[in-house]
Amino acid sequence: MKSPRVCVLAASLLLKASVFGQLPSYDFTTIAGLTATTGLVDGTNSDARFNYPCEIAVDYAGSLYVADGLNHTIRQMRAIGTNWIVTTVAGIAGSPGGEDGTNGVARFNRPAGVAVDGSGTLFVADRYNHTIRKISRSGTNFSVTTIAGVTAVPGHADGTNSDAQFYLPIGITLDHVGNLYVADTANFIIRKIAPVGTDWVTTTIAGSATNYGFHDGTNQAAKFDYPYGIASSGDGKLYVTDFGNHSIRQVAPIGTNWVTKTIAGFSGALGTNDGPGTSASFNCPNGVVIDSAEHIFVVDQYNNTIRRIIASNTSWIVATVAGAPGKSGSTDGTNNAARFNKPWGITADPSGNLYVVDWLNQTIRMGGLIVPPPPYLSFGRNGNQLVLSWPASASNFNLEISALVGVGQSWSAVSNGVTAMPGIGFVWTNPSTASPRYFRLHGR
């Protein structure tokens, strides 16, 4: 009988299974700003200064953009080697206003939300101006225009361009076709801003203007209590941090309707609990981002923590990945050894690294993803039996088998014959065959 042919998959595929199959670790470091020191100074790393920065976004090239709230400016952060260079790209510190224009000619009034599309165009929720602004890049210049709302005119009207009205908008995000979605915070509603030719058309898709509450439902039947952050997933669903309700809401398109449901937390039940769905608890959640693996990360602001939410069968599982509930500080470190002080915004790059605006610390923090070593299969023979084994630490992995290896190839889980053995881990035995077989460990 021929010896069995066994292939243990390449490390890159096993690595993906490892990262997606268990709670990740993040090493948080301060990359810009100086703790508890406000100001407007462009510069490198801790030489830079911020003044109560709010939201943050990352572009296709890895540059970060920060809505620097009380400086009334938009800042850019670029990585040069191991350093981060901070520059001001629009607005002037200490000069609030609503003027459109290029670079320092433009004015903002406590900008809060920032998003960036695939071409590098920025969109800003200009909070105290009650407007949505667009920042187009041309070479080294940044040109600011107002695309929705009227400066210093709060309201809740739907309409085109300046016919629309907002009231202290904070969160802003984009979908894959270029629509904007805004958490219109003080109106307690979620708005959609669709590009139509050269115009921008604003409609209300969830919530009832000026009517706050906590209610799941369709379109205006849903109720929010100061929605802050908003993120869009690859399948078009929106995820909203409902700050006043201490909960995370999903707003999903169903035909022409938008259906809101609560996926984690519950109004009035503020706390620090990890766990499934509404058994989990938050304390004024703020920023939110969806990473490339479609995991949701939430800044739990008043708990001083970063939480992760993943779908699990029919529920959603919440886990704390960084910070310690009720313990503020500025310490860099891994996972719960890190300390934050009322963090606000969050974004993620394609490599899975997190970036957090540490609001009261006046700093920007980077959570570098620590990739755990993947579990490897060991194989041997016992007579005519093929024997595979893998470590006990890989209990959240399935052994899978295939006759071929290739993109899109079907794999089948091995459901019988897996035995847990003390001192070894998991063992699977099966008769040898002349046909090639390929095996892998895949995260559940």
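Two strands count as paired if DSSP finds at least two bridges between them. In this predicted model, that criterion describes an open sheet of 5 strands, arranged in the order 18-22-21-20-19 with antiparallel pairing. Strand 18 (217–218) and strand 19 form the edges, each pairing on one side only.

**Strand 21 and its partners**

Strand 21 (residues 247–254) pairs with strand 22 (residues 257–265) in the antiparallel sense, through 8 bridges. Within this pairing, Ala252 faces Val259 of strand 22, and Ile254 has Asn257 as its bridge partner. Strand 20 (residues 238–242) is also antiparallel to strand 21, and 5 bridges join them; here Thr241 stands opposite Ile248. Strand 21 is largely enclosed by the rest of the structure, because 6 of its 8 residues are buried.

Strand 21 takes part in two hairpins, set out below.

| Hairpin | Residues between the strands | Turn residue with positive phi |
|---|---|---|
| Strand 20 and strand 21 | 4 residues | His246, about 55° |
| Strand 21 and strand 22 | 2 residues | Gly255, about 65° |

**The largest pocket**

The largest pocket holds about 830 Å³ of space. Its lining consists of 36 residues, and Val116, Thr173, Leu174, Ser232 and Ile290 lie nearest the centre. By class, the lining comprises 17 nonpolar, 12 polar and 7 charged residues. At least two lining residues come from each of strand 4 (53–58), strand 9 (111–116), strand 14 (171–174), strand 19 (227–232), strand 24 (285–290) and strand 29 (346–348). Strand 19 thus appears both at an edge of the open sheet and in the lining of the largest pocket.

How values were computed. Residues are numbered from 1 along each chain as its sequence is written. This is a predicted model: local features need pLDDT of at least 70, side-chain atom pairs count only at pLDDT 80 or more; totals for chains, interfaces and linings use all residues. Side-chain values use heavy atoms; hydrogens and water are left out. On a 1 Å grid over the protein atoms alone, a cavity is a set of points where a 1.4 Å probe fits but cannot get out, and a pocket is an open set with protein on both sides within 12 Å along at least five of seven lines; lining residues have an atom within 4 Å of a point. Grid points are joined across faces, edges and corners, and a volume is the space filled by probe spheres set on the points. Ala, Val, Leu, Ile, Met, Phe, Trp, Tyr, Cys and Pro count as nonpolar, Asp, Glu, Lys and Arg as charged, and the others, Gly among them, as polar. Buried means under 20% relative accessible area, exposed over 50%, partly exposed in between (1.4 Å probe, protein chains only).
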